Amino acid sequence: MLRALVKAGKAGGRMAGSQLAQVMSHNPVPGMGLGQVTGKEWLDRLWMDGMFGTVQGFTTPGSLDEKIATGIAATIGGGMGGATLATIPGLRRGGGRQLAEFAGGWGGDMVGTSVAEAGIRAKDVVLGGTGQTGWEKLAAEDQRLMEQQILAAHGLGPYQPTDMFMAQNGLG
């Protein structure tokens with residue numbers, strides 16, 4: 001059974017590679033192989049996705065592996081989304097192709113980032129956390145601090161009312 005799965009995976013990979021080559025080509029030709037797609041075509045199709053994936057990775061809070069995973073997932077998702085949407089008939093040439101590439105890339109970024117966030121949540125659970133992403137951890141910390149400030153301002157709870165200006169300048 002394992003051999004059958006491996007064989008099916010190889011056949012699917014060859015088929016997907018052929019389809020990807022057709023999508024990547026400016027003039028799709030049935031049967032075109034991945035080796036026939038030029039470097040300029042790859043760069044033309046994927047440079048913006050790579051840029052947005054890099055920005056997404058840099059701006060993701062968390063550890064380095066979380067940043068890298070998010071950046072790679074956003075880049076791959078954006079590339080696949082843009083390549084897929086650009087295959088719509090009538091949008092394969094000129095400005096229509098670039099617009100479809102951009103819209104598909106943006107949607108693919110969102111899907112790729114969601115996939116990365118699911119992996120980050122799973123990692124957090126495995127490491128004993130509550131299954132939160134870096135953004136969710138920051139939001140929870142901000143909410144906790146805001147609740148403390150509100151309670152302190154009204155003299156409630158174990159918090160002492162403080163003047164934030166005085167405390168921040170070491171006067172309080």
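At 37% relative accessibility, R144 counts as partly exposed, a label given to residues that fall between buried (under 20% relative accessible area) and exposed (over 50%), as judged with a 1.4 Å probe on protein chains only. Its salt-bridge partner E141, with 34% relative accessibility, is likewise counted as partly exposed. The side chains of E141 and R144 meet at 2.6 Å, N to O, where a salt bridge is a side-chain nitrogen of Lys or Arg within 4 Å of a carboxyl oxygen of Asp or Glu. Because E141 and R144 are three residues apart in helix 5, about one helical turn separates them.

The model is a predicted one, in which local features need pLDDT of at least 70 and side-chain atom pairs count only at pLDDT 80 or more, while totals for chains, interfaces and linings use all residues. Residues are numbered from 1 along each chain as its sequence is written, and side-chain values use heavy atoms, with hydrogens and water left out.

## The protein as a whole

The secondary structure comes to six helices and zero strands, so named from DSSP runs numbered from the N terminus, with helices being H or I over at least four residues and strands being E over at least two. Read from the N terminus on, the elements follow the order α-α-α-α-α-α. Of the 172 residues in the protein, 25% are buried. Among contacts (heavy atoms within 4.5 Å) with a separation of 6 or more, 42% are made by residues 24 or more positions apart.

## Salt bridges

A search of the whole structure finds five salt bridges, including the three set out here.

| Salt bridge | Closest N to O distance |
|---|---|
| K123 and E66 | 3.2 Å |
| E136 and R121 | 2.6 Å |
| E141 and R144 | 2.6 Å |

In the salt bridge between K123 and E66, distant parts of the chain are linked, since K123 lies in helix 4 and E66 in helix 3, 57 residues apart. K123 is partly exposed at a relative accessible area of 25%, whereas E66 is buried at 10%. Leaving aside neighbours within four places in sequence, E66 is in contact with P61, I120 and K123.

The salt bridge of E136 with R121 also links distant parts of the chain, with E136 in helix 5 and R121 in helix 4, 15 residues apart. E136 counts as partly exposed at 29% relative accessibility, and R121 is partly exposed too, with a relative accessible area of 30%.

To return to the pair in helix 5, E141 and R144 are three residues apart there. Elsewhere, salt bridges that share partners join D65, E66 and K123 into one network.

## Helix 2 against helix 3

Two packed helices are described by the angle between their axes and the distance between the axes. Helix 2 (residues 39-59) and helix 3 (residues 64-85) pack at an angle of about 150°, with their axes 7 Å apart, and this makes the two helices roughly antiparallel. The axes are lines fitted to C-alpha atoms, for helices over the stretch in contact, and the angles run from 0 to 180 degrees between N-to-C directions; angles under 35 degrees count as roughly parallel, over 145 as roughly antiparallel, 65 to 115 as roughly perpendicular and the rest as oblique.

On the helix 2 side, the residues that meet helix 3 are R45, L46, D49, G50, G53, T54, Q56, G57 and F58, and on the helix 3 side they are K67, T70, G71, A74, T75, G78, G79 and A83. By class, this contact has four nonpolar, 10 polar and three charged residues, where Ala, Val, Leu, Ile, Met, Phe, Trp, Tyr, Cys and Pro count as nonpolar, Asp, Glu, Lys and Arg as charged, and the others, Gly among them, as polar.

## Two buried positions

D109 is found in helix 4 (residues 94-126) and is buried, with a relative accessible area of 12%. Not counting residues up to four places away in sequence, D109 touches F52, A74, T75, G77 and G78.

T133 sits in the loop between helix 4 and helix 5 (134-153), and T133 is buried as well, at a relative accessible area of 4%. With residues up to four places away in sequence left out, T133 touches E117, I120 and R121. T133 and T60 are 73 residues apart in sequence, and their C-alpha atoms are 9.3 Å apart in space.
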